[in-house]
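Good morning, everyone. Please have a look at the screen, and I will walk you through it.

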Amino acid sequence: MDRMTPLDALFLEAEDEEPGVSMAISSIAVFEGPAPTYAEFAELLAGRLPLIPRYRQKARQLPFDLGPPVWYDDEHFELDYHLRHTALPAPGGDAELAALMARLMFARLARDRPLWEYWLVEGLQDGRWALISKVHHCMVDGVSGTDLYSVVLDPSPRPRAAVPDKWSPQAEPSTFGLTAAAVGQLVLTPIRQLRLAVTGLRQPRNLAYRSWSIGRGLWALSEALRPATRSSLTGSLSSSRRYAFGRAEVAQVKEIRHRLGGTFNDVVLAAVAGGFRSLLLSRGETPRENSVRTLVPVNIRAPGQESIRDNRVSLMLAKLPVHLEDPVERLAAVRTRLDELKTDHEIDSVALLTELARREPFALIAPGYRLAARFPQRSVVTVVTNVPGPREPLYALGRRLVEIIPYVPIGSTVRTGVSILSYCDSVAFGVTGDFEEADLAVLVRGIEDSLAELAAARPSEPVS
């Protein structure tokens with residue numbers, strides 16, 4: 001039995017407080033044909049289950065928030081429940097695949113089962129097929145979720161042997177046992193906090209620096225929490241979603257960053273800014289400097305920790321420069337803003353607060369999560385995630401993985417989310433929107449066009 005971190009638990013609490021919101025993350029892995037049979041698909045997954053213990057565990061919340069939710073073995077685990085089989089209607093193109101994704105991600109994962117599903121999808125164009133993985137955000141973040149592909153799939157066309165399975169589920173813990181264990185942890189909390197304080201006092205310079213970093217980062221965050229300019233991008237959510245996606249090439253993004261400067265993340269964020277500018281203009285609205293503030297998750301894992309199945313992220317709150325017409329100026333503005341946020345220690349302060357939350361009684365933290373989920377915020381307009389995927393080709397049952405298309409959930413008053421994932425030489429960006437956002441294709445096309453403009457631009461010449 002494992003306990004969730006407070007950050008993991010946040011996604012369960014947020015889902016509980018928002019009817020019609022699913023906090024599952026997902027991606028579409030598209031393979032060369034022919035599609036395997038369901039039996040072959042099930043055999044492949046069965047041979048990898050010992051490598052992913054969480055796939056055979058359920059989540060359980062404790063009474064009165066005495067402790068964070070726990071993971072425990074599902075004594076009645078059934079693989080067939082988690083493996084689904086469907087096919088696209090003709091012609092099996094991007095539009096049909098996107099519509100299927102929107103329908104699948106609308107439904108919440110059942111809490112009385114392990115929190116994941118895999119869908120085998122047949123009927124894609126050119127004889128291809130897809131694997132849609134749907135996993136609750138309390139289990140993985142973008143990096144650890146993407147790493148699962150390296151666990152489930154093969155590095156060569158020759159399939160690996162199934163992993164020996166000696167799994168024997170532990171008995172489900174009783175409510176009394178869970179409560180007693182949680183109370184025991186609460187009793188030890190003051191001792192742990194005292195040890196932490198003593199450790200800090202023994203290193204006064206380090207304590208002073210970290211306190212200064214937190215203060216500076218929190219000040220930067222407080223400035224970013226000012227309401228964004230009202231636009232059609234914010235508002236209440238319905239219980240249904242729309243989804244669309246586009247593509248680019250890694251080489252194109254790298255060429256832009258080498259010629260115009262910045263990081264890979266800077267370039268794709270600048271392209272997203274261009275997409276939102278196009279969307280606002282198409283709606284007859286004027287893009288303003290404070291129109292689109294985005295939450296940008298930041299991976300804080302140390303190298304080699306990609307396979308740890310939990311959430312290890314911090315965040316930045318950045319204004320996308322949608323008010324700038326020139327794409328080169330947009331890229332420069334993104335670079336400047338992200339550099340400022342890093343200098344202000346915004347990432348460090350959020351990461352440290354997350355770490356401190358692990359040492360506090362969960363009964364004090366959980367109500368804050370629920371209050372934040374209920375409160376109709378106006379500062380964050382969208383979320384943009386950028387996850388580096390596998391750099392080498394992967395295979396399933398001898399079929400080559402062609403591309404991975406990501407999906408990010410949305411909640412609160414955030415009506416649009418953009419997820420970016422690179423695999424081998426390709427980049428895919430998935431756009432999640434509320435069902436009322438019927439023009440997601442404008443945003444997708446705007447991102448693609450913005451990248452094309454950056455690719456054609458020169459540092460010294462403005463682009464109209």
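Start with helix α2, residues 38-46. Its buried residues are F41, A42, L44 and L45. Why do they sit on the same side of α2? They do so because they cover an arc of only 160° around the axis. Keep in mind that this is a predicted model. Now turn to the other side of α2. There, A39 and E43 are exposed. A general point helps here. An α-helix has 3.6 residues a turn, so residues three or four places apart point the same way.

What covers the buried residues of α2? The cover includes two helices you can find quickly, α3 (79-82) and α5 (142-152). It also includes the strands β5 (83-87), β6 (116-122), β7 (129-136) and β12 (395-396).

Next, helix α8, residues 250-260. Which of its residues are buried? They are V250, V253, I256, R259 and L260. Notice R259 in that list. The buried residues of α8 pack against three helices: α9 (264-282), α10 (327-343) and α13 (440-456). They also pack against the strands β8 (241-249), β14 (416-423) and β15 (426-434). Just after α8 comes G261, with a positive phi of about 95°.

Now the nonpolar cores. The largest one has 64 residues. Which of them touch the most other members? The answer is I28, Y55, W116, Y118 and Y243. Helix α4, residues 94-106, gives the most to this core, with seven residues. There is also a second, separate core of 47 residues. Its members include A228, I256, L341 and V418. We met I256 a moment ago, among the buried residues of α8.

Let me zoom in on Y243. Leave aside residues up to four places away in sequence. Y243 then touches I28, A98, M101, A102 and L440, among others. Its contacts also include I405, P406 and Y407. Add G430, V431 and T432 as well.

On to the strands. Strands of a sheet pair through backbone hydrogen bonds, either parallel or antiparallel. One open sheet here has three strands, in the order β1-β4-β3, with antiparallel pairing. β1 (2-3) and β3 (57-60) stand at the edges, each with a single partner strand, so one side of each is left without a neighbour in the sheet. Between β1 and β4 (residues 70-73) there are two bridges. D2 stands opposite W71 in β4.

Then look at β9, residues 293-299. Its pairing with β10 (residues 313-319) is antiparallel, over seven bridges. In that pair, V298 stands opposite S314. With β11 (residues 382-388), β9 pairs in the parallel sense, over two bridges. There, L295 stands opposite V383.

Finally, step back to the whole protein. How many helices and strands does it have? The count is 13 helices and 15 strands. Along the principal axes, the C-alpha trace spans about 65 × 60 × 40 Å. A compact globule of 464 residues would have a radius of gyration near 23 Å, and the protein agrees, with 23 Å. Buried residues make up 52% of the 464. Take the contacts with a separation of 6 or more: residues 24 or more positions apart account for 80% of them. The accessible surface comes to about 20700 Å². Carbon and sulfur atoms hold 56% of that surface.

That is the tour. Thank you.

How values were computed:
Residues are numbered from 1 along each chain as its sequence is written. This is a predicted model: local features need pLDDT of at least 70, side-chain atom pairs count only at pLDDT 80 or more; totals for chains, interfaces and linings use all residues. Side-chain values use heavy atoms; hydrogens and water are left out. A nonpolar core is a set of buried Ala, Val, Leu, Ile, Met, Phe, Trp, Tyr and Cys residues joined through side-chain atoms within 4.5 Å. Buried means under 20% relative accessible area, exposed over 50%, partly exposed in between (1.4 Å probe, protein chains only). Helices (H or I, at least four residues) and strands (E, at least two) are DSSP runs, numbered from the N terminus. Contact means heavy atoms within 4.5 Å. The arc is that of the directions from the helix axis to the C-beta atoms. The radius of gyration is taken over C-alpha atoms; the globule rule is 2.2 Å times the number of residues to the power 0.38. Accessible areas come from the Shrake-Rupley method with a 1.4 Å probe; for residues, only the protein chains shown count as cover. Two strands pair if DSSP finds at least two bridges between them.
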